[in-house]
Amino acid sequence: MSTATTTDPQPHILIAGAGLGGLMLGASLERCNIPYTIFERASTVKPLGSALSVGGQIMPVFEQLGLYEKYVDMAKPFTMSTDIRESGESLPALDLEVAEDMCGYSGYIVARPLLYDLLLSQIPKHKILFNKRVLTISEKEEKVTIQTSDNSIYEGAILVGADGAYSAVRQRLYDVLKKEGKLPRSDQEDLPFNCTCLVGQTEPLDVDKFPQLKDPKHPFINTLGDNKPFTQNTVAWVVIEHLTENTSKAAQEQRFRHSENSEWGPHAAQTMCDQTRDFPIPFGNGKLTLGDMYDMTPKDQISKVMLEEKIFKTWYYGRTVLLGDGLPLRATSYTPLVAKVPSQQCMMR
Ligand SMILES: Cc1cc2nc3c(=O)[nH]c(=O)nc-3n(C[C@H](O)[C@H](O)[C@H](O)COP(=O)(O)OP(=O)(O)OC[C@H]3O[C@@H](n4cnc5c(N)ncnc54)[C@H](O)[C@@H]3O)c2cc1C
């Protein structure tokens, strides 16, 4: 048994999941000198994802972590948002600069892999353990104990479930509460998918062929280009298929059949890529399709993501607390490049 805590004067925090939530918490604890260990089920970190919009109200956290300059350097201010119709017509823009007046900071869009790397760089290597899926949890005598998939056992003072939308920690916690008759009815209901998405980021593009990348004003282009490129003139794209009650159920069954959500990679994404490749997008010379975006994106960096829409009421009990998508209050914050696909009710951002 690993008992990292027995000699620590401070409580040791166990964190399940090395997603953005787990890493952000780790980076904060590191800064405060509070002992912690992160357990991640994956064997390695994949540079997956499109872009994330971080609202101005979150920016002080980066400041407190001493990461503000680095973050701003790799991101683009998110000052305007526009939807573009399939025909190329722009809808009225939403001015987000007012948000800066309200909270003192501009929001910023950043490529997920870059933000991930920045947070990961704050965590000393020995404090993040890969290939450690958290399987069981128990509490006794002011300690919480977890068992991981390699049969190791760890003890700590607090367990944080930062293990995503299908959080095993939440599941175990809810099992206990259910047995004790303390789990609210709404928390016992399924977690419905609201949409599925493909996410990816192209290789760096030629700005003469894609002049939108130089436009500092247009929100979707603004975040991607100009002389301080979003990430060296690449396009971070998202294709969203909105689901109905029926198609949501079908997607859920498929997920559990193929464990798609734990895979995230190109295999799970391929069918959706095939189904949407012909959809035209108002980008480049105006004759491009989603298929062109897929072809300009390294295959192993296209992933499929399920988005769920549910608000859980219970977020802590005993020595366990949930964080991030583990208690899905998920703000679906995908950002750049938008076009609608009426036939399939898809969106490309
Ligand atoms: C691959 C990927 C790509 C994404 N791309 C985008 C994007 O482009 N734009 C956007 O806005 N959002 C994206 N998201 C979602 C966004 O990152 C999250 O919604 C948000 O950061 C909340 O993160 P989280 O840490 O709560 O959960 P997640 O980011 O889902 O992280 C959960 C982590 O826990 C691990 N885990 C799961 N179960 C266990 C277990 N039992 N034991 C140990 N570890 C476990 C998972 O492997 C994962 O690393 C993406 C998420 C992922 C995982």
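Start at the ligand and select Leu 20: a polar backbone atom of this residue is 3.4 Å from an oxygen atom of the ligand. Keep in mind that this is a predicted model.

**Stop 1: around the ligand**

Move to Gly 21. Here a polar backbone atom is 2.8 Å from a ligand oxygen. Next, select Arg 41. An N or O atom in its side chain is 3.1 Å from an oxygen atom of the ligand.

Now show the wider surroundings. There are 29 residues around the ligand. Which of them come nearest? Select Gly 21, Glu 40, Ser 50, Leu 52 and Asp 325.

**Stop 2: Ala 18**

Select Ala 18 next. Look for it in the loop between strand E1, residues 13–16, and helix H1. Is Ala 18 buried or exposed? Its relative accessible area is 1%, so it is buried; the cut-off for that is under 20%.

Show what Ala 18 touches. Leaving aside residues up to four places away in sequence, its contacts are Leu 23, Ile 38, Phe 39, Glu 40, Tyr 116 and Ile 128. Glu 40 is also one of the residues that come nearest to the ligand.

Bring Arg 41 back into view. Draw a distance from its C-alpha to that of Ala 18: the two are 8.4 Å apart in space. In sequence, they are 23 residues apart.

**Stop 3: helices H1 and H5**

Select H1, residues 20–32, together with H5, residues 112–120. Their axes come within 9 Å. They cross at roughly 35 degrees, and the crossing is left-handed.

Which residues meet there? On the H1 side, pick Leu 20, Leu 23 and Met 24. On the H5 side, pick Arg 112, Leu 115, Tyr 116, Leu 119 and Leu 120. Colour this contact by class: 7 residues are nonpolar, none is polar and 1 is charged.

Two of these names have come up at the previous stop. Leu 23 and Tyr 116 both touch Ala 18. Leu 20 is the residue with a backbone atom 3.4 Å from a ligand oxygen.

**Stop 4: strand E10 and its loops**

Go to strand E10, residues 143–148, and select Thr 145. Its relative accessibility is 16%, so Thr 145 counts as buried. Beyond residues up to four places away in sequence, it touches Thr 136, Ile 137 and Ser 138, along with Ile 153, Tyr 154 and Glu 155.

Step back to Glu 141. It sits in the loop between strand E9, residues 134–140, and E10. Check its backbone: phi is near 40 degrees, a positive value in a residue other than glycine. Why does Glu 141 count as exposed? Its relative accessible area is 68%, and the cut-off is over 50%.

Then go to Asn 151. Its loop runs between E10 and strand E11, residues 153–156. Phi is near 70 degrees here, again a positive value in a residue other than glycine. Asn 151 counts as exposed, at 60% relative accessibility.

**Last stop: the whole chain**

Zoom out. How many helices and strands does the chain have? The secondary structure comes to 11 helices and 21 strands. The chain has 349 residues, and buried residues make up 48% of them.

Finish with the contacts. Take those between residues at least 6 apart in sequence: 73% join residues at least 24 apart.

Definitions and conventions. Residues numbered from 1 in each chain as written. Predicted model: local features only at pLDDT ≥ 70, side-chain atom pairs only at ≥ 80, totals over all residues. Heavy atoms only, no water. Helix = DSSP H or I, 4+ residues; strand = E, 2+ residues; numbered from the N terminus. Buried < 20%, exposed > 50% of the residue type's maximum accessible area, 1.4 Å probe, protein only. Contact = heavy atoms within 4.5 Å. Axes fitted to C-alpha atoms, helices over the stretch in contact; angles between N-to-C directions. Left-handed = near helix turned anticlockwise from the far one by under 90°. Nonpolar A, V, L, I, M, F, W, Y, C, P; charged D, E, K, R; others polar. Near = heavy atom within 4 Å. Polar contact = N/O pair within 3.5 Å; in protein donor to acceptor, adjacent residues only side chain to side chain.
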